[in-house]
Amino acid sequence: MTRMHVAGSIHADVTSAAPQWLVKPSDANALTDGLWSGSAARVGEGELELGGMSVGDIVAETGTPAYIIDEVDFRARALTWREAFAGWKVYYAGKSFLCGAVARWIDEEGLNLDVCSLGELTVALRAGFDPQRIGLHGNNKSDDLLRVALARGVGRIIVDSSDEIARLERITEELGVRAQVLIRVTTGVEAHTHEYIATAHEDQKFGFSIAGGQALVAMVRCHGSARIDLMGIHSHIGSQIFDTNGFEVAARRTLKLMSQFKEATGVALPELDLGGGFGIAYTMDDSPATAYDLARGLDEIIEHECRGFGLERPTLSIEPGRAISGPPGTALYTVGTTKIVELGGGQTRRYVSVDGGMSDNIRPALYAAEYSAVLANRVSDAPVALSRVVGLHCEGGDILVRDVFLPADVAVGDIIAVPASGAYSRSMASNYNHTPRPPVLSVRDGRLTPMIRRETLDDLLALDAGLDR
Ligand SMILES: Cc1ncc(COP(=O)(O)O)c(C=O)c1O
């Protein structure tokens, strides 16, 4: 995800300021395989179509910026993960993108749902999601959040700290209920894309350390609690993971912990959750494993490790987020200005400024996430130009797509489409520069349905106590 950007040599041609992974396309209009939702296609004169609707018609109906979710593709991905991991519990990670419609789709496709705040839990409950099939995360859950979760019968609470155990004991007592919990452990594995680091050192805010012994202590404490049912443990090792290497070490360390717990208490815990983080393709450089390949790999790892520790195979869970919500989403923007910047040595970069930016997708600014983009409202046979798609905000780092080859005639009024935008973009959106957040609409069979409406200036100003109404 985070890459070094290699500058070209002074006398190279104009494309050499591109990073090494970015291949100059023979046709800049082509939709790179693996990046787009299942229904994305160039139709007619070459306009991009999503869910049977041309971007021209989409933009005429909803304006830009806008996030468009291909409903059929979203549901198909949810189902694929459920079917590939048959026999596992699959929790969709709502943090990647959640609203009422998504909660209903996830329910209808038979998945469980992870939430990690009172807001996300409220969306799930108001959408009618069965609380028993909800998992609650969070490193600092408030009394209010725990009270709602416990009163409504949330199926599993993933406990993150000793303070939380004490809070749970108090609130379960108050409400006269029991809590079903998993203990979140840190395995010392950190995975990003195809790299992972496995150490004994854990310097992060989540969970109880296995290496430091706190995880076993927390497990024994929950096991001994009159109000808590300890069901198992939970580990999440990172994001944009493309293979099973990191999971192998995490599974070994978590299963070893479960066998130590069994030795200490005589109890074999029934559940192990390996978290989420399964990667998707944002650019032509990304090649994630399929859900089926991951399932096969993880099954083998678990079988092998359970045999090694003499444990029965526990009930296993995973928590995919972006792998379900990312690829079905496309961000649409209108070009407002373009600019050619001299880089020296005869090289140039075209800055294409659009009507969104870091307020609707913070990922490039936050952790140098890469995306790609195409000219969506038409095709062009102009030569390609190394381009940077930037937003309208007052920050130099307000970049949406750092490096992409776009036709050199991209102009004011054109529509730019950014694929794989369904996860952690609108869900992390802010109102920076008092910018209203864009809407999210689903598209299916040539029709748009609002999922989250466009925020208005009135919505924003309604919060400002210093303005007249
Ligand atoms: C505990 C947990 N589960 C699942 C996820 C989902 O990750 P992804 O969307 O990369 O699958 C996250 C993401 O941060 C997480 O923290």
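Strand S2 (residues 47-50) has a neat alternation: Leu48 and Leu50 point to one face and are buried, while Glu47 and Glu49 point to the other face and are not. Keep in mind that this is a predicted model.

S2 has a partner on either side of it in sequence. With S1 (residues 41-43) it pairs in the antiparallel sense over 3 bridges, and Arg42 stands opposite Leu48. The hairpin of S1 and S2 leaves 3 residues between the strands, and there Gly44 takes a positive phi near 50°. S2 also runs antiparallel to S3 (residues 53-54), joined by 2 bridges, with Ser54 as the bridge partner of Glu49. That hairpin has 2 residues between the strands, with Gly51 at a positive phi near 55°.

Now to the charged side chains. The count comes to 30 salt bridges, including these:

| Pair | Closest N to O |
|---|---|
| Arg75 and Glu71 | 2.9 Å |
| Glu173 and Arg227 | 3.4 Å |
| Arg349 and Asp403 | 3.4 Å |

Arg75 and Glu71 sit 4 residues apart in helix H2 (residues 71-84), so about one helical turn separates them. Arg75 counts as buried at 16% relative accessibility, and Glu71 does too, at 12%.

Glu173 is in helix H6 and Arg227 in the loop between helix H7 and strand S13, so this salt bridge ties together parts 54 residues apart in sequence. Glu173 is exposed at 52%, while Arg227 is partly exposed at 22%.

Arg349 belongs to strand S18 and Asp403 to strand S21, so that pair also links parts 54 residues apart in sequence. Both Arg349 and Asp403 are buried.

Finally, salt bridges with shared partners join Glu71, Arg75, Glu108, Glu109, Arg444 and Asp445 into one network.

Notes:
Residues numbered from 1 in each chain as written. Predicted model: local features only at pLDDT ≥ 70, side-chain atom pairs only at ≥ 80, totals over all residues. Heavy atoms only, no water. Buried < 20%, exposed > 50% of the residue type's maximum accessible area, 1.4 Å probe, protein only. Pairing = 2+ DSSP bridges. Salt bridge = Lys/Arg side-chain N within 4 Å of Asp/Glu carboxyl O.
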